[in-house]
Amino acid sequence: MTKKFTEEEYQKIVDCFDELKEKYNMGLMNPNLLIQMQDELFGELDFIDEWKEIFAIANPTTRDCAHDQFVEKEKKHFWRNKKRDEYGNERYLVLKDSVPLPIGIFKKYPFTESEIREWGYNPDMYDKEEVK
């Protein structure tokens, strides 16, 4: 079974390869690339079992296809604030006029954790319910 990478792991592989390519003018055919990438990402990825997937992600020509094939799709959740409002109501994160706000009492909107972080919210302040 092929490993599914998280979006964060995918981005680390892409960034690592792009940095090495720029810093050392090191392309995919350079025999030192595997060693350098292993040193940069040591302990985070299994280069023995996952090297084919890692290089498919590192290679700019196969990167998009590898993303579709090897990166786990991020799940959407409803985000409920751990603190209730002054009336004791639960507050969910909702979109109001295209702006995410923690004011939803009766409506729930599904968002990914990446979206939450992108908007400057701390996911640890919310309980999440998986969208079914």
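Where does Asp85 lie?

1. **Asp85, location.** Asp85 sits in the loop that runs between strand 1 (77-81) and strand 2 (92-96). Keep in mind that this is a predicted model.

2. **Asp85, contacts.** Asp85 is buried but takes part in no salt bridge. Arg91 is the nearest side chain of opposite charge, at 5.5 Å. A salt bridge needs a nitrogen-oxygen approach within 4 Å. The Asp85 side chain does have a backbone partner: it reaches the nitrogen of Asn89 at 2.8 Å.

3. **Overall layout.** The chain has 5 helices and 4 strands. Read from the N terminus, the order is α-α-α-α-β-β-β-α-β. The chain has 132 residues, of which 32% count as buried.

4. **Salt bridges, total.** Side chains of opposite charge can pair when their charged atoms come close. The whole structure yields 9 salt bridges. Three of them are taken up below, in points 5 to 7.

5. **Lys12 and Glu8.** This salt bridge has its closest N and O atoms 4.0 Å apart. Both residues belong to helix 1 (residues 7-24). They are about one helical turn apart, because 4 residues separate them in that helix. Lys12 is partly exposed at 34% relative accessibility. Glu8 is exposed at 57%.

6. **Arg80 and Glu90.** Here the closest N and O atoms are 3.7 Å apart, and the pair is a salt bridge. It links distant parts of the chain: Arg80 is in strand 1, Glu90 in the loop between strand 1 and strand 2, with the two 10 residues apart. Arg80 counts as buried at 18% relative accessibility, because the limit for buried is under 20%. Glu90 is partly exposed, at 29%.

7. **Arg80 and Glu129.** Arg80 also forms a salt bridge with Glu129, at 2.8 Å from N to O. Glu129 is in strand 4 (residues 126-130) and Arg80 in strand 1, so the bridge ties together parts 49 residues apart in sequence. Glu129 is partly exposed, with a relative accessible area of 23%.

8. **The network.** Which residues do salt bridges with shared partners join into one network? They are Arg80, Arg84, Glu90, Lys108, Asp127 and Glu129.

9. **Lys108 and a ring.** Lys108, a member of that network, also lies over the face of Phe78. Its distance from the ring centre is 5.4 Å.

10. **Aromatic pairs.** How many aromatic pairs does a search of the whole structure find? It finds 2. In one, the rings of Phe111 and Trp119 have centres 4.9 Å apart and planes at 90 degrees, so the geometry is edge-to-face. Phe111 is buried at 3% relative accessibility. Trp119 is partly exposed at 31%. Tyr121 and Tyr126 also pair edge-to-face, with 6.3 Å between centres and 85 degrees between planes. Tyr126 is buried, with a relative accessible area of 5%.

11. **Cysteines.** A disulfide is a covalent bond between the sulfur atoms of two cysteines. How many disulfides does the structure hold? The count is 0. Cys16 is buried, at 6% relative accessible area. Cys65 is exposed, at 52% relative accessibility, because exposed means over 50%.

Conventions
Residues numbered from 1 in each chain as written. Predicted model: local features only at pLDDT ≥ 70, side-chain atom pairs only at ≥ 80, totals over all residues. Heavy atoms only, no water. Disulfide = S-S within 2.5 Å. Buried < 20%, exposed > 50% of the residue type's maximum accessible area, 1.4 Å probe, protein only. Phe/Tyr/Trp six-rings, centres within 6.5 Å; stacked < 30°, edge-to-face > 60°. Lys NZ or Arg CZ within 6 Å of the ring centre and 35° of its normal. Lys, Arg positive; Asp, Glu negative; His and termini not counted. Polar contact = N/O pair within 3.5 Å; in protein donor to acceptor, adjacent residues only side chain to side chain.
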